[in-house]
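Please open the structure in your viewer and keep the selection tool at hand. This tour proceeds stop by stop, stating what to select and what is found there.

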Amino acid sequence: MHLLKWLYPGMHFKRWMLLFGGGVMLVSLGLALVFNYKYLDIIEEAIFRAVYLWKGSYDYVITTIVGIVFLVLGITLMLVATRFVIRSVISVLLPDSSEKLVDIIYEKRRLDKGPQVTVIGGGHGLSVLLRGIKQATSNVTAVVTVADDGGSSGRLREELGIIPPGDLRNCLVALADTEPLMEKLFQYRFQGGTELKGHSFGNLFIAAMTEVTGDVEKALRQSSKVLAVKGRVLPASTAHVRLDAVMEDGTLVEGESHIPEVHKHIRRVKLHPEHVEPVESALAAIREADVVILGPGSLYTSIMPNLLVDGVAETLRKSKALKIYICNVMTQPGETDGYTASMHAKAILDHAGKGAIDYVLVNSAPLPYERANILKREGICPVAVDEDVLNALGIGVVKADLVNEDEIVHHDPEKLMKNVMKMAYKLHPFIAS
């Protein structure tokens, strides 16, 4: 059964097998011509004599059966030989994966045929989505915020003058198809009382690669090779920016990490400086996408900074892609207290303009009562789905069970992937056809 997988559609292998068979036939014909037909007559005569001694007469039916046996035996030997030739090559190139070669090729072919998906955001939510999406397509691009100013990323940004690598690192790891040890290495944070305390190895790796290559995009490409990343990870901009928030009472809060701390309602957010150059390949990824996904993640501090980079919102509005906003399962204290699903979507439209969202994907699964009560005491509540208001904004609503059973605050990667792909194939006319 395992050998039959070589015959699966899309493997790009059957054509070469047929060519190989044709070559064997031509070689056989050539040998017959070179060595003269009389030698073939000798073989046939020997078979006839063997049949005669067995049955007492020349039975051409049995001769035909013998010929078929030889034919099947020859084909079997060809297949076995081909298999072992491939295994011998792969055992050198991929020693740990030689036994799973057919599965690797089939999976790669399948993923290569997946839709072009561009996801926009940052933080934990984006990496959760990417872990699921990479199971459906390798044609995925993550456009990531560069406004993070806290933790290891903030320190490296100030000390080295680079864009914060933390969200970029998380996306690389989420899209990686590599050994668990490598993932642990990239996520490892140094301990102890040294200046390295709190820094993750992955952040330092990206920072070093940026200095070695002289360009953050090149650094991310090279880092992707190390982690065997399925897809691409791109910053929305390479500029040094700060995210500020104007609150409902008119006060200004400077810095992404400080915005949730003041616990005030946000009127809007903006970048400082206000105009920054986008990464052109990020704009191209939005333009060429079949599906563009916003979120999930912190509304104002993970999604919005990308939309404020020059050209990103405009390119998103003009894109012919199916545009999906994945609404958070729960509200976020200090950022979206009391927000409904429509309030999340309206905030995006206020910053990016009408046409930035086609559909909102919301969670419809009930949350465990006891766990929900504990979160409520912490100021975290389920996001209410006000479908009528969303429809009034010109946005469609898709409801589904999206919750991670172990962490109800977060989405489940596989559930997200299945529902996003279902929407893509059902609602996008080109993909559906």
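Begin by selecting Pro-296, which is found in the loop between strand 7 (291-294) and helix 12 (299-307). The model is a predicted one. Add Gly-295 to the selection: a cis peptide bond joins Gly-295 and Pro-296, and its omega is about 0°. As a general rule, most peptide bonds are trans.

Move next to Pro-273, whose place is in the loop between strand 6 (266-272) and helix 11 (280-288). Display His-272 as well, for the peptide bond from His-272 to Pro-273 is cis, with omega near 0°.

**Positive phi angles**

The next stops concern the backbone angle phi. Most residues other than glycine have a negative phi.

Select Ala-228 in the loop between helix 10 (216-227) and strand 3 (232-235). The phi of Ala-228 is near 50°, a positive value in a residue other than glycine. Is Ala-228 buried, partly exposed or exposed? With a relative accessible area of 36%, Ala-228 is partly exposed.

Now select His-263, located in the loop between strand 5 (252-254) and strand 6. Here too phi is positive in a residue other than glycine, with a value near 55°. His-263 has a relative accessibility of 55% and therefore counts as exposed, since the term applies over 50%.

**Salt bridges**

How many salt bridges does the structure hold? There are ten in the structure, and the tour visits some of them.

Show the side chains of Glu-314 and Lys-318, which meet in a salt bridge at 2.9 Å, N to O. Both residues lie in helix 13 (residues 312-318), where they are four residues apart, about one turn of the helix. Glu-314 counts as partly exposed at 39% relative accessibility, whereas Lys-318 is exposed, with a relative accessible area of 61%.

Salt bridges also form a network elsewhere: select Arg-242, Asp-244 and Glu-254, which are joined into one network by salt bridges that share partners. Within this group, Asp-244 forms a salt bridge with Arg-242, and the closest N and O atoms are 2.8 Å apart. Asp-244 is buried, with a relative accessible area of 2%, while Arg-242 counts as partly exposed at 24%.

Select Arg-157 and Glu-158 for another pair. Their side chains meet in a salt bridge of 3.9 Å, N to O. Which of the two is buried and which is exposed? Arg-157 is buried, at 5% relative accessible area, and Glu-158 is exposed, at 57% relative accessibility.

**The final helix of the tour**

Finally, select residues 341-352, which make up helix 14. This helix has twelve residues and reaches 17 Å from its first C-alpha to its last, close to the 16 Å expected at 1.5 Å a residue. Why may helix 14 be described as largely enclosed by the rest of the structure? Nine of its twelve residues are buried, so the description applies. To view the buried residues of helix 14, colour Ala-341, Ser-342, His-344, Ala-345, Ala-347, Ile-348, Leu-349, His-351 and Ala-352.

End the tour at Gly-353, just after helix 14, where phi takes a positive value of about 100°.

Conventions
Residues numbered from 1 in each chain as written. Predicted model: local features only at pLDDT ≥ 70, side-chain atom pairs only at ≥ 80, totals over all residues. Heavy atoms only, no water. Salt bridge = Lys/Arg side-chain N within 4 Å of Asp/Glu carboxyl O. Buried < 20%, exposed > 50% of the residue type's maximum accessible area, 1.4 Å probe, protein only. Helix = DSSP H or I, 4+ residues; strand = E, 2+ residues; numbered from the N terminus. Expected span 1.5 Å × (residues − 1).
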